[in-house]
Amino acid sequence: MYLSFIKEHFEPSQKELEILEAQETQDLFCDIQNQGGFIKVYSRQCSIFDSEIYKNKLEVFQKYLLNYEKQNPKLNGCCLEKAFYVDQSNSLDYQVESPENWLKEQVTVWQLPTDIVNKMNQKCFTFEDIAKRHGTQMVDIRIQDPETDTFTPKVEQNCIANQMRIDEYCKYLKNKTEFFQKHSEYSPDKVLFAVNVDMDNWDEETGQLYEYMPQSLLKYDGLVYMRQFCLGVNIPQIYIKTKGVWTGGHQENSSVNSLNFNHGPDDCLWLTIDAQHVQKLYQIIPNLYQIEGQWFKEIDFFLENNIPIKYTIQKKGDLIILGAGCLHWVKSLGNTINTSWNLLVYQDHTFQQIYDRQFINDKYKIQSVIPIKNLFLDIFIHHKSIQLKKYLKIFIEEDLQNYIKQYQKIKSCKKRFNSREVLQCNNCKMEIFIFYQTIDDKTFRCINCLEGEDVYIFMKYKPVELILVLNADKFSCSSTLCTRYMGTTDCQLDKQIEEFVSESYQSSMNYRESEEEQTSFKQTKKKDKNQVSKKSPLIQSQDSVQTNQQNKQKRVYRKTKGQDDLISEIFTSQKSQKKNENTNQKTKQSKKTQKVSKFESSVKSVTSSDQDSHSQIPINKKGKKQQHDL
C-alpha cells in the first residue's frame, strides 16, 4: 500500500521495514485515515500514540507514513508537536495556584466542566441571546477567502467590509443562501467574519465570564497594573465566526500571554509556533513582523522547513492559554463564539519575551496598545524582580540618551506631578516613558518628536528618583510613583486613598451636622438675647468662654487642597510621628545601622523643603536652581 512510495523516497532500516510491513501497522494506518489523518489523531488530548507501546509506530508515522498520507516526501513529521492538556486531577490546584508555578508550556488547553460551560453560556453566549441583547451594535466585518494559504494574500482574500449589525450577522450564520440573495454586494464564495466585537458595555456577559473562569488566571495577572482600560487586553472582546474564517498569524500585544475561550457550538483549529522557534520563520520570511495578522499558511509549509509547530483543535468549553511570544493563527471549523483577552504571568520568560518584542516594536515603529515601560515600572514597585530592574535601567538610559540628543532644543525641563496618565505620543504613536512635551491638554509629544525651538518639556519622573527606587532594598508604595490601576492590585496606596475618601466623607457629614447645630444655636441665642443682656458681666464672660470651647469641639476639617497633596501630608504626618517615637531607639544604634536606617527613611518618607514637593525620594539641591531639573 505505502511501501513502494517509502522505498522510492527514503531508505528505511530493516527494523523499520519490518514495522511498516506488519499487518498491525497497516490496519492502524487505515484506521487513522478514517479518523482524519495522523496530524489530527496525534494532536488529540488522549491519543493512541501517547502509549509507550506505540512508540516505535509513532516514529515510522513521523518519518514515513505522514509523507505518504500527504504525498509529500519533504515533510518532517518530527517537527509536529503537541499542546499541553490540563489533567482533571490538577485542575483544582491550578484554580488557586499562581500560573507562574504551573504554566510552563507555550500552548495549554484547559477543558472546563460541561456544567460550568453551560452556566457561563446561559442567556449570554449563544447566537440567539447575543442577537437579542446586542443586535443593534455595529461590528466590523472582514471578507475572507476560506482557502487562503499564503503569506501575501490579495486584497480580495482578506479585507474589511462595511460594518454590520450583530443581529444581521446572526441571520447570515443561520441561513447563508437567503442572506446572499438579499445582499448582492457579498460574494457567496467568500466568508464573513465579525471581528473584535467590543464588550466594554456587556456588563452581564463579562461578569459571567469572570465568574466561571479559573480564578487564578484573574487574580495573578500583571495587567491589573495597567493605567487604562484597553479592549481585548484587560477588557474581553468577542469573535463571532463561521466555517472557514481565519485570524492571521501574529504574536499578542507586546508578546504577553493570551486567553481564548470557545463557547461553541463548533470547533476551532489553532496552529502555533513556540516563541523560541519564531526566529527560524523570521529567517525565511524577513518581513514577518510587518505582515502580522495578514497571512494564513497551512501546516505543510512549516514541516517542510523544519519549523516545530503545534496543531490544536479547540472544542466547545476549551480554554486555550498561550505563553508569552507564541506565534499563532486560527481557523474556524464551524459556527462558533469565542471570547479573548490578555494575561501577564509573573515569569522571567514572560518578561524576556515582552522586552524582546519591545525592541522589535521600536525597530519597526510598530504601535503597541500596552505601555510596557510604564507597566514594568508599576509591576517592579509592587513585585520586585532582578530582570525587571535590568530592563528598566535600559529604558531609563535610552530616554536619557534621547534627551541628550534633543538638548539644544530644550529650554526648560521640569517635573510635572500628575502626568502619569501621559502614555503615548500623538505624533509617532510610541510610548512616553519619562520626558514629554505638552502641545495642549490632549496633545503630547515624546522626546523624539519635539516641536519648535527653545521648547519647555516635562518629566513624569525624575531619572534620579527612578534609579534610587531600583537600587533601594526596601521600597513601599508611593504617591509619587503609584497611580490608579485598572485592576485589583497589591498597591497599598489604593487602600489608603479609599480610607482617606471614607474619612473625608464622614468629615463632610459631620461638618453639615455641625453647621445645622450652629444655626440652631444662633437662633436660640437670638431669642434669648434680652435675657443674656440682663446677666451680670461676670456671668456673660463665663458664657462666652463656654461658647468658644463648644465651637472648638464642633470645628471640623475642610478639604481645601488636592487629594494627592493631602495624601502627601498624611504620609508626612505619619512618618514624622513614627520618627519621633523611634528617636530614642535610633540613638542607641551603631553608626552603620544609623546609615542604613537613614537611607530607608529617605526612600520611604514624603519630603519637605529639601525635596521635591511630591516626591518620596530626597533630591539634593546644590547651588542655584537649574532650569533642567533632572
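Student: How many helices and strands does the protein have?
Tutor: In this predicted model, the protein has 25 helices and 19 strands. Buried residues account for 49% of its 630 residues.

Student: Why is K415 called buried?
Tutor: The relative accessible area of K415 is 16%. Buried means under 20%, so K415, at 16%, makes the cut. K415 lies in strand β16, residues 410-415.

Student: What makes the K415 and E465 side chains a polar contact?
Tutor: The two side chains come to 3.1 Å. The limit for a pair of N or O atoms is within 3.5 Å, so 3.1 Å qualifies.

Student: Why does S255 count as buried?
Tutor: S255 has a relative accessibility of 1%. With the cut-off at under 20%, S255 therefore counts as buried. It sits in the loop between β9 (246-250) and β10 (257-265).

Student: Which residues is S255 in contact with, leaving aside its neighbours within four places in sequence?
Tutor: Those are A324, G325, Q353, I354 and R357. Take A324: it is 69 residues away from S255 along the chain, yet their C-alpha atoms are separated by 5.3 Å.

Student: And S254, buried or exposed?
Tutor: Buried: S254 has 4% relative accessibility, and the cut-off is under 20%, so the label follows. S254 is also in the loop between β9 and β10, and its phi is positive, near 55°.

Student: Why is a positive phi worth pointing out?
Tutor: Because most residues other than glycine have a negative phi. K123 is another non-glycine with a positive phi, about 65°.

Student: Why is K123 called exposed?
Tutor: K123 has a relative accessible area of 56%. Exposed means over 50%, so K123 gets that label. You'll find K123 in the loop between α8 (114-121) and α9 (127-134).

Student: How do you know that the peptide bond from G264 to P265 is cis?
Tutor: Look at omega, which is near 5° for that bond. P265 is in strand β10. As background, most peptide bonds are trans.

Student: What makes α17 a mostly covered helix?
Tutor: The count does: 11 of its 11 residues, 372-382, are buried. Among them are K373 and D378, along with I372 and F376. The cover for these buried residues includes α16 (348-364), α18 (386-405) and α19 (463-471).

Student: How do you know that the reach of α5 is close to what is expected?
Tutor: Helix α5, residues 55-70, has 16 residues and reaches 21 Å from its first C-alpha to its last, against an expected 22 Å at 1.5 Å a residue. There is still a kink in α5 of about 50°, centred on F61. After the helix comes Q71, with a positive phi near 55°.

Student: What covers the buried residues of α5?
Tutor: The cover includes α1 (3-9), α2 (14-21), α3 (23-34), α4 (38-42) and α15 (299-304). The buried residues themselves include F61, Y64 and L65.

Student: Which residues touch the most other members in the largest nonpolar core?
Tutor: L281 and F302 do, in a core of 50 residues. The largest share of this core, 7 residues, comes from α5. Leaving aside neighbours within four places in sequence, the contacts of F302 include L281, F151, W295 and W329. In soluble globular proteins, nonpolar side chains tend to be buried together.

Key
Residues numbered from 1 in each chain as written. Predicted model: local features only at pLDDT ≥ 70, side-chain atom pairs only at ≥ 80, totals over all residues. Heavy atoms only, no water. Helix = DSSP H or I, 4+ residues; strand = E, 2+ residues; numbered from the N terminus. Expected span 1.5 Å × (residues − 1). Bend = angle between axes of the 7 residues up to and from the residue. Buried < 20%, exposed > 50% of the residue type's maximum accessible area, 1.4 Å probe, protein only. Contact = heavy atoms within 4.5 Å. Core = buried A, V, L, I, M, F, W, Y, C linked by side-chain atoms within 4.5 Å. Polar contact = N/O pair within 3.5 Å; in protein donor to acceptor, adjacent residues only side chain to side chain.
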